[in-house]
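Student: I have a new model on my screen and would like to talk it through with you. Could we take it one question at a time?

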Amino acid sequence: MDITVVGRNAEISSRLRDYVEEKATKVEQFDPRVQRVEVEITHERNPRQADTAERAEITVISKGPVIRAEASSSDRFAAFDIAMGKLTERLRRARDRKKNHRRHIIEIPEPTPQVAAEEPQVLPTDDLPIEDSPAAPTEPGVAVESQLGDSPVVVRQKLHEAVPMTVDEALYQMELVGHPFYLFIEKSTMQPCAVYHRHGWTYGVIRLNARVNTGD
């Protein structure tokens, strides 16, 4: 198992690296098939965010689904420990799911006119200058950051491999990576979709009126 520790606006000391590597080796207890653990430590330079200036992001690459967790704190060791706690819980869930050999179907409520107003809105970009549209990344798994023109807005992009899956599988993947939404290609319709967490135990699904051509 490979363990990589990188810093963004942060210098990784040998003490922190040793601490992270020692804790990260415990991942194999939950998933013997793990191939790589990626740890990214980010320092926020804004003094107004001193309480959450240190952010730790942990990603586990395995033969199974990608599992991810992140946390912020005023101390980078504490941020890593909190993220590791979240990651451990998600690894345990993934292991238990394999042991049970059964699927948990989550009902997706039908959208109503009231719910439609709560769905995320995408602003039209037709009026934006072409040069302000950041170039799409070409290498899967590698994050690319770019600035929009002369504005302070920085866009971070990452390319992911897309495997067609069911809505239930997408909800499971969303839970493992700890995101409030998850983009995927729906298996039966081959439509680009996004599942997202609404409130409580309810979720939403957004579908694009298009079909993905797999080239088969």
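**A walk through the model**

Tutor: Gladly! Of the 216 residues of the protein, 31% count as buried. Keep in mind that this is a predicted model.

Student: How many helices and strands does the secondary structure come to?

Tutor: Follow the chain from the N terminus and the elements run β-α-β-β-β-α-α-β-β-α-β-β-β. Sorting that string by type, the total is four helices and nine strands.

Student: What share of the exposed area do carbon and sulfur atoms supply?

Tutor: The protein exposes about 14300 Å². Of that area, the part from carbon and sulfur atoms is 51%.

Student: Which element gives the largest share of the largest nonpolar core?

Tutor: That core has 27 residues, and V27, V37, V39, I58 and L87 are those with the most contacts inside it. The elements that give it two or more residues are α1, β2 (36–43), β3 (54–61), β4 (67–73), α2 and α4 (167–177). With eight residues, the largest share comes from α2.

Student: Which residues does I58 contact, leaving aside its neighbours within four places in sequence?

Tutor: I58 is one of the residues with the most contacts inside the largest core. Its partners include V37 and V39, which are also on that list of well-connected core residues. The complete set for I58 is V37, E38, V39, I67, R68, A69, F80, A83, M84 and L87.

Student: How many residues are in the other core?

Tutor: This core lies apart from the largest one. M165, M174, F184 and C193 are among its members, and its size is 11 residues.

Student: Let's turn to the rings. Why is the pair of Y19 and F77 edge-to-face?

Tutor: A pair of aromatic rings is described by the distance of the centres and the angle of the planes. By the rule that centres must lie within 6.5 Å, the count comes to two aromatic pairs. For Y19 and F77 the centres are 5.3 Å apart and the planes stand at 65 degrees; planes over 60 degrees apart count as edge-to-face, so this pair is edge-to-face.

Student: How many residues apart are Y19 and F77?

Tutor: Y19 sits in helix α1 (residues 14–24), and F77 in helix α2 (residues 76–100). The pair therefore links distant parts of the chain, and the separation is 58 residues.

Student: Is Y19 buried or exposed, or partly exposed?

Tutor: The cut-offs are under 20% for buried and over 50% for exposed. Y19 has 23% relative accessibility, so Y19 counts as partly exposed.

Student: And F77, buried or exposed?

Tutor: The cut-off for buried is under 20% relative accessible area. F77 has a relative accessibility of 16%, so F77 counts as buried.

Student: What is the angle between the planes of Y19 and F80?

Tutor: These two rings form an aromatic pair, 6.1 Å from centre to centre. The pair is edge-to-face, and the angle between the planes is 70 degrees.

Student: Which residues do ring pairs link into a cluster?

Tutor: Y19 in helix α1 and F80 in helix α2 are 61 residues apart, so to speak of a pair here is to link distant parts of the chain. F80 is buried, with a relative accessible area of 0%. Ring pairs make a cluster of Y19, F77 and F80.

Student: Now the open sheet of three strands. Which are its edge strands?

Tutor: The strand order is β7-β8-β9, with antiparallel pairing. β7 pairs with strand β8 (residues 192–199) over five bridges, and Y182 stands opposite V195 in β8. Each edge strand pairs on one side only, and these are β7 (181–185) and β9 (202–207).

Student: At about what angle does α4 run to β7?

Tutor: Within the sheet, neighbouring strands are turned by 25 degrees against each other on average, direction ignored. Helix α4 lies across β7, β8 and β9, and its angle to β7 is about 140 degrees.

Student: How many of the residues of α4 are buried?

Tutor: Q173 belongs to helix α4 and counts as buried at 16% relative accessibility. Others on the buried list include V167, L171 and M174. The helix is mostly covered, and the count of buried residues is nine of its 11.

Student: Which residues does Q173 touch, not counting those up to four places away in sequence?

Tutor: One of them, Y182, is the residue that stands opposite V195 in β8. The list for Q173 is P65, V66, M165 and Y182.

Conventions
Residues are numbered from 1 along each chain as its sequence is written. This is a predicted model: local features need pLDDT of at least 70, side-chain atom pairs count only at pLDDT 80 or more; totals for chains, interfaces and linings use all residues. Side-chain values use heavy atoms; hydrogens and water are left out. Rings of Phe, Tyr and Trp (its six-membered ring) pair if their centres lie within 6.5 Å; planes under 30 degrees apart count as stacked, over 60 as edge-to-face and the rest as tilted. Buried means under 20% relative accessible area, exposed over 50%, partly exposed in between (1.4 Å probe, protein chains only). Accessible areas come from the Shrake-Rupley method with a 1.4 Å probe; for residues, only the protein chains shown count as cover. A nonpolar core is a set of buried Ala, Val, Leu, Ile, Met, Phe, Trp, Tyr and Cys residues joined through side-chain atoms within 4.5 Å. Contact means heavy atoms within 4.5 Å. Two strands pair if DSSP finds at least two bridges between them. Axes are lines fitted to C-alpha atoms, for helices over the stretch in contact, and angles run from 0 to 180 degrees between N-to-C directions.
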